[in-house]
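Q: I am new to this structure and would like a close look at one part of it. Please start with a single residue in a loop and then lead me on from there.

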Amino acid sequence: MAEIDAAFIQPVEHRPKLTFTDSGEIPVVDLSAVENGAVDLLVTGIGKACEEWGIFQAINHGVPLDLVRRMETAMKEFFDQTSDEKRKVKRDETNAMGYHDSEHTKNVRDWKEVLDIAVEDPIVISASPDPQDQELRKYYNKWPEYPPDFRKIWKEYAGEMEKLAYKLLELVSLSLGLAGDRLNEFFEGQTSFIRLNHYPPCPSPELALGVGWHKDAEALTILFQDGVGGLEVMRKNGEWVGVKPIPNAFVINIGDIIQVWSNDKYESVEHRVVANSEKERFSIPYLFAPAHHVNVKPLEELTDELKNPPKFKDYNWGKFMATRNKSDFKKQAVENIQIHHFRVS
């Protein structure tokens, strides 16, 4: 067994089993039903997937497949560069956008490198977690010089992701019994971003994780994953099961914000990425997030003071993000902020 830096080693209870468990049950949703007039059936299916799993795979989504291939190629060309070249666009503690190769999840370093690029440039967030501090900070994208057509391809891909995100948001909203456009207003001035992930082969996959166990803080995640596999989700019985790649599909998972908006009707799915000793893996999540000024709380239409009272206190998304960003560069003495910190006791 090759030795790896202690920073990557997971606590014993979180180390992965290297045998793949394929549930075979993760729902697959055909989005062509929108054009085929079967929206009611589609909405019912999405609601069931969100309630029972918090994740599903979307096929016939309308995103041009040649564009996905071009984005995948551009991503690989970027990560194939030397470390010095990639670090020309490295993020820092004043700007969370850019390249990073030492991210921590649950205070353990992930076996990966990433490139984060915001959908709106600049992205505007709170300058600090302090509730009394009204100062805002702008994060500007750091664009790689190579490959030369990276920026053009990325912008085209981001446009398609945004269209798909709003389509999915409408379907999720309808599945909750709300108007289709009920949630759209929260995304004016959105803080969404696209992350390019590269997971190199790991000499000790029984000790490390590509990404440690976590839930996504945003509203929705739209994930492209290559054919290597490694994404796992936790079932409600505590079992980790693999999300087998389906060619040309996107993996959609519910994030913390929708869990709060729905007052726990839909639960954000816990997931992780298992490392691979032989193959590198690539993925591209689009993390759909509201504007910094949005106060996240259970929606009035989905709560009732007697029968279904709010299960979460309000929290400001910008302040939440600012707190999270503090943990990107070093281990923290306490658990990073989570929605359970806002749960009504």
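A: Asparagine 248 is partly exposed, with a relative accessible area of 38%; buried means under 20%, exposed over 50% and partly exposed in between, using a 1.4 Å probe and protein chains only. This is a predicted model, in which local features need pLDDT of at least 70 and side-chain atom pairs count only at pLDDT 80 or more, while totals for chains, interfaces and linings use all residues. Residues are numbered from 1 along each chain as its sequence is written, and side-chain values use heavy atoms, with hydrogens and water left out.

You will find asparagine 248 in the loop between strand S13 (240-242) and strand S14 (250-254); helices (H or I, at least four residues) and strands (E, at least two) are DSSP runs, numbered from the N terminus. Its phi is positive, about 70°, although asparagine 248 is not a glycine. Asparagine 107 has a positive phi too, near 65°. That residue lies in the loop between strand S4 (104-105) and strand S5 (108-109), and at 26% relative accessibility asparagine 107 counts as partly exposed.

Loops hold some cis peptide bonds as well. The bond from aspartate 121 to proline 122 is cis, with omega near 5°, and proline 122 belongs to the loop between strand S6 (113-118) and S7. From tyrosine 146 to proline 147 the peptide bond is cis, with omega near -5°; proline 147 sits in the loop between S8 and H4.

Now for the aromatic rings. The structure holds 16 aromatic pairs; rings of Phe, Tyr and Trp (its six-membered ring) pair if their centres lie within 6.5 Å, and planes under 30 degrees apart count as stacked, over 60 as edge-to-face and the rest as tilted. One of the pairs is tyrosine 166 with phenylalanine 187, edge-to-face at 6.4 Å centre to centre and 75° between the planes. This pair links distant parts of the chain, 21 residues apart: tyrosine 166 is in helix H4 (residues 150-175), and phenylalanine 187 is in the loop between H4 and strand S9 (193-199). Tyrosine 166 is partly exposed at 24%, whereas phenylalanine 187 is buried at 1%.

Phenylalanine 187 pairs with tryptophan 261 as well: the ring centres are 6.1 Å apart and the planes at 80°, so this pair is edge-to-face. Here the link spans 74 residues, from the loop between H4 and S9 to tryptophan 261 in helix H5 (residues 256-261). Tryptophan 261 is buried, at 2% relative accessibility. The three rings belong to one aromatic cluster, formed by Tyr166, Phe186, Phe187, Trp261, Tyr286 and Phe288.

Some rings have a charge for company. The charged end of arginine 235 sits over the ring of tryptophan 53, 3.6 Å from its centre; the rule asks for NZ of Lys or CZ of Arg within 6 Å of the ring centre and within 35 degrees of the ring normal. The charged end of lysine 106 sits over tryptophan 213, at 4.5 Å from the ring centre.

H4 also carries glutamate 160, which is buried at 17% relative accessibility. Not counting residues up to four places away in sequence, glutamate 160 touches Gly62, Val63, Pro64 and Leu67; contact means heavy atoms within 4.5 Å. Leu67 is one of the buried residues of H2, alongside Val68, Met71, Glu72, Ala74, Met75, Phe78 and Phe79. These residues are on the same side of H2, because they cover an arc of only 165° around the axis, the arc being that of the directions from the helix axis to the C-beta atoms.

Follow Met71, Met75 and Phe79 and you reach leucine 196, whose contacts beyond four places in sequence also include Glu113, Val114, Leu115, Phe150, Ser283 and Ile284. Leucine 196 lies in strand S9 and is buried at 1%. Its C-alpha atom is separated by 6.3 Å from that of serine 283, 87 residues away along the chain.

Last comes helix H6 (residues 317-325), which is mostly covered, with eight of its nine residues buried. What covers the buried residues includes strand S7 (123-126), strand S8 (136-139), H5, strand S17 (295-296) and strand S18 (315-316).
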